Amino acid sequence: MTAFPQILARTRRQHDMTQDDLARRLNLSFQAISKWETGQSMPDLDQLVRLANIFGVSADALLGHAPTPARTPYRQKYDQQAYYWGVAPSTMCYEVMRLRPPTAPLCVLDVGCGEGKDAVFFARNGYEVDAFDLTETGLEKGRRLADACGTKVRFFQADALTFRPERTYDIVFSSGVLHYLPSALRPEILASYQAHTARGGVHALNAFVQKPFLPAPPDEESPCALWRSGELAGHYADWRFHRFSEEIFDCDSGGIPHQHCMDVIIAEKP
Ligand SMILES: C[S@@+](CC[C@H](N)C(=O)[O-])C[C@H]1O[C@@H](n2cnc3c(N)ncnc32)[C@H](O)[C@@H]1O
């Protein structure tokens, strides 16, 4: 069963369009749109492409197809026995914990959790954690790490391009992932995380950004879509900032020394 009807209805609403508005753009009746959104019929190929163009997303995304894991280089990296990213949590985890200690039950969503080091850290410290990644081999290692630590994380395979939360979280966390989101989808994806965050909840995110004076990184981990400097903060203009920073750091992944620039935001929903 395709996810198309739900994705179409959600995407249309996110674009503030009625069925009638969309029908007019396609020279169709609103009944045709209603049939697509209730699963009674499907658009033909030409209409699907036109829909994708109207919403600025791929036809695959509208159909809810997860791209193959080969789209990221991580499957092979995670195939090794050693933890590619280690098992020590990111420093952002400690910042989140200082800000929102788990003195009450708090739910965390880890977007692009990799091999699970941060998700397991949160779970060990008493948070309830949902964590997803595109790469199944990373999730497997995350499950093993959680078992070894005697804790539980709900790890699941999903693509950030098509996944949208269905419940509310207190903390949305993502490290080293947002540069895999195409720019056209970022506003809608971040808005959906924000809408599914409790009041007083916290987002802790980082993104690789582009600087004209930094050459493109040489290795295959090169971000597919670098953010503009400050772009991430722009999505949180009406949130309370606890941290917004930009840092240039050295890296030699791929064996060639180079530099990255990264924006970090830790912000609270008012
Ligand atoms: C640099 S790693 C970071 C992993 C983890 N957050 C950490 O810090 O250890 C980037 C991760 O993003 C995941 N990823 C890339 N594109 C994704 C997508 N569209 N949806 C979900 N995960 C994705 C990769 O599989 C990989 O595990």
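Good morning. I begin with the ligand, around which helix H6 (74-79) and helix H8 (117-124) each supply at least two residues of the surrounding shell. Please keep in mind throughout that this is a predicted model.

In total, 21 residues surround the ligand, and the closest are Tyr78, Gly112, Asp133, Thr135 and Asp159. By character, the residues of this shell divide into 10 nonpolar, six polar and five charged.

Which side chains offer an N or O atom to the ligand? In the side chain of Tyr78, such an atom lies 2.6 Å from an oxygen atom of the ligand. For the side chain of Lys117, the corresponding distance to a ligand oxygen is 3.2 Å. With Asp159 the ligand atom is a nitrogen, placed 2.7 Å from an N or O atom of that side chain. As for the cover that the protein provides, the ligand taken alone exposes 590 Å², and the protein buries 96% of that.

Lys117 leads us to Asp118, which is found in helix H8. The side chains of Asp118 and Lys117 make a polar contact at 3.2 Å. The side chain of Asp118 also reaches the backbone nitrogen of Ser90, at 2.7 Å. Is Asp118 buried or exposed? Its relative accessible area is 6%, so Asp118 counts as buried. Leaving aside neighbours within four places in sequence, Asp118 is in contact with Pro89, Ser90, Cys93, Asp110, Phe173 and Ser175.

I turn now to helix H4, which spans residues 45-55. Its buried residues are Gln47, Leu48, Leu51, Ala52, Ile54 and Phe55. Why do these residues line one face of the helix? Seen down the axis of H4, they fall within an arc of 160°, so they share one face. The general background is that an α-helix has 3.6 residues a turn, so residues three or four places apart point the same way. On the other side of H4, Leu45 and Asn53 are exposed.

What do the buried residues of H4 pack against? Their partners are four helices: H1 (4-14), H2 (19-25), H3 (30-37) and H5 (59-63). The N-terminal end of H4 is capped by Asp44, with a side-chain oxygen 3.2 Å from the backbone nitrogen of Asp46.

Two loop residues deserve a remark on their backbone. As general background, most residues other than glycine have a negative phi. Asp16, in the loop between H1 and H2, has a positive phi of about 55° although it is not a glycine. Asn27, in the loop between H2 and H3, likewise has a positive phi, near 55°, and is a residue other than glycine. With regard to accessibility, Asp16 counts as exposed at 72%, and Asn27 is exposed with a relative accessible area of 68%.

Finally, I draw your attention to Ser192, found in helix H10, residues 186-195. Ser192 is buried, since its relative accessible area is 6%, and the cut-off for that term is under 20%. Which residues are in contact with Ser192, leaving aside its neighbours within four places in sequence? They are Arg164 and Pro165.

To close, let me return to the ligand: the protein buries 96% of the area that the ligand exposes when taken alone. Thank you for your attention.

Key: Residues are numbered from 1 along each chain as its sequence is written. This is a predicted model: local features need pLDDT of at least 70, side-chain atom pairs count only at pLDDT 80 or more; totals for chains, interfaces and linings use all residues. Side-chain values use heavy atoms; hydrogens and water are left out. Buried means under 20% relative accessible area, exposed over 50%, partly exposed in between (1.4 Å probe, protein chains only). The arc is that of the directions from the helix axis to the C-beta atoms. Contact means heavy atoms within 4.5 Å. A polar contact is a pair of N or O atoms within 3.5 Å; within protein, one must be able to donate a hydrogen and the other to accept it, and residues adjacent in sequence count only if both atoms are side-chain atoms. A residue is near a molecule or strand if one of its heavy atoms lies within 4 Å of it. Accessible areas come from the Shrake-Rupley method with a 1.4 Å probe; for residues, only the protein chains shown count as cover. Ala, Val, Leu, Ile, Met, Phe, Trp, Tyr, Cys and Pro count as nonpolar, Asp, Glu, Lys and Arg as charged, and the others, Gly among them, as polar.
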